[in-house]
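Reader: I am new to this structure. Please take a close look at the surface near the DNA, and tie the rest to that one part.

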Number of protein chains: 2
Amino acid sequence: MVNVPPQVGYVLKHAQSLLHLRMEEALRPLHLTVSQYSCLYHLRGEPGISAAALARGTFVTRQSMNAMLRQLIDRGLVARPAQPERGRALPTMLTAAGADVLEAAQRLVVGVEQRMLAGLTAAETTALTGGLASCVKSLEE
Amino acid sequence: MVNVPPQVGYVLKHAQSLLHLRMEEALRPLHLTVSQYSCLYHLRGEPGISAAALARGTFVTRQSMNAMLRQLIDRGLVARPAQPERGRALPTMLTAAGADVLEAAQRLVVGVEQRMLAGLTAAETTALTGGLASCVKSLEE
DNA sequence: TCCTCTGTGTCAGTTTCCTTACATCGCAGC
DNA sequence: GCTGCGATGTAAGGAAACTGACACAGAGGA
């Protein structure tokens, strides 16, 4: 890391990589991966969402999301009807057990985020979030 | 994405995911992945570095880095002696062809980063980099 | 009505990366 | 001298993700 100019992309990757690692460590006792947590989290925000829409919100492909959902259904954390009411989309939702696991997981994740932001003021945190949101907006046409 | 509070971790993941995607698209004409670009980039900054140290700087495992290096050596972009001069570490370095490819790749990557930061002032960009660096520092013990 | 386009679910194959494990080398301490 | 420790390189196996491909359902226009 010597003679390497502090490029934004590299620091961004570094922060994301480290956050992912810490979250993985924190969620390990619950036998939950970061992707699975993200899946449950979005599912609570939008009950009855389709797997494809869930995949877009979690930054994975439909195929990966369906494989992940099968695991979560086997564990009883997620439920999905066998037949669609209309169209092809199968509305997915959290079970009571899934909501419990998510609540416990979120406490752990919030702890990690607080640790990540420990060196920043509230104003700096707001500026960081705003800056990242601007990057997202600029990168999607 | 409705009813989802703007958590920092999520926006961070979103920005990193999008940046990775745009870089992958930009580097495709050069038949280079983001990881390979990152590898060449660090190699130029620290010639003669070991594969293990390179792996730490690129956020992958030693095994993945050695596999990647084999590909890059086959393409003539990287060179590594067959025998270590001392110890077990094999000093890795860029070839002339590798330096050329890296230079072309970096132009493309800089373009993507500029696009990402288009909506931010210079001061905001500095604040963003500083905020991310603080997150990194807080997350590594 | 027919056609096209988009969105969704799914299967198969491949790639990439990680985890686990082992052997080797230099170094510091007894 | 010898031993434990850390760092490096390597191999084998598995987990997770992606790409490519196909079929189906609804919306909209010709």
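Author: Helices (H or I, at least four residues) and strands (E, at least two) are DSSP runs, numbered from the N terminus. The model is predicted, so local features need pLDDT of at least 70 and side-chain atom pairs 80 or more, while totals for chains, interfaces and linings use all residues. Residues are numbered from 1 along each written sequence, chains are lettered from A and ligands numbered from 1 in written order.

Start with DNA strand C. Three helices each supply at least two residues of the surface near this strand: α3 and α4 of chain A, and α4 (62–74) of chain B. In all, 19 residues lie around DNA strand C (C-beta, placed from the backbone, within 6 Å). The nearest are A:Ala51, A:Ala52, A:Ala89, B:Thr61 and B:Ser64. By class, the surface near DNA strand C has seven nonpolar, eight polar and four charged residues (nonpolar: Ala, Val, Leu, Ile, Met, Phe, Trp, Tyr, Cys, Pro; charged: Asp, Glu, Lys, Arg; polar: the others, Gly among them).

Now turn to DNA strand D. Here α4 of chain A joins α3 (51–58) and α4 of chain B, and each supplies at least two residues of the nearby surface. Around DNA strand D there are 19 residues, and A:Val60, A:Thr61, A:Ser64, B:Ala51 and B:Ala52 come nearest. The surface near DNA strand D divides into seven nonpolar, eight polar and four charged residues.

Next, how do the two helices of chain A at DNA strand C sit against each other? The axes of α3(A), residues 51–58, and α4(A), residues 62–74, come within 8 Å and cross at roughly 105 degrees (lines fitted to C-alpha atoms over the stretch in contact; angles from 0 to 180 degrees between N-to-C directions). That makes α3(A) roughly perpendicular to α4(A) (65 to 115 degrees; under 35 is roughly parallel, over 145 roughly antiparallel, the rest oblique). On the α3(A) side, the contact is made by A:Ala51, A:Ala52, A:Leu54, A:Ala55 and A:Thr58 (C-beta atoms, placed from the backbone, within 7 Å). On the α4(A) side, it is made by A:Arg62, A:Ser64, A:Met65, A:Asn66 and A:Leu69. Six of these residues are nonpolar, three polar and one charged. A:Ala51 and A:Ala52 thus appear twice: in this contact and among the nearest residues to DNA strand C.

Both chains take part at the DNA, and the chains also touch each other. In chain B, 45 residues are in contact with 44 residues of chain A. Four helices of chain B each supply at least two residues of that side: α1 (8–27), α2 (34–45), α5 (96–116) and α6 (122–139). The most comes from α6(B), with 14 residues. The side of chain B that touches chain A has 22 nonpolar, 15 polar and eight charged residues.

A rotation of 180 degrees, with 0.0 Å of shift along its axis, superposes chain B on chain A with an RMSD of 0.0 Å (least squares on C-alpha atoms of residues with pLDDT of at least 70 in both). That is the relation of a two-fold axis. In chain B, the C-alpha of B:Leu128 is nearest the axis, 2.8 Å from it. Of the interface residues of chain B, 98% are also interface residues in chain A, so the copies meet through the same surface.

Last, the whole chain. Chain A has six helices and two strands. Its pattern along the sequence is α-α-α-α-β-β-α-α. The C-alpha trace of chain A spans about 55 × 40 × 30 Å along its principal axes.

Key
Two residues are in contact if their C-beta atoms, placed from the backbone, lie within 7 Å.
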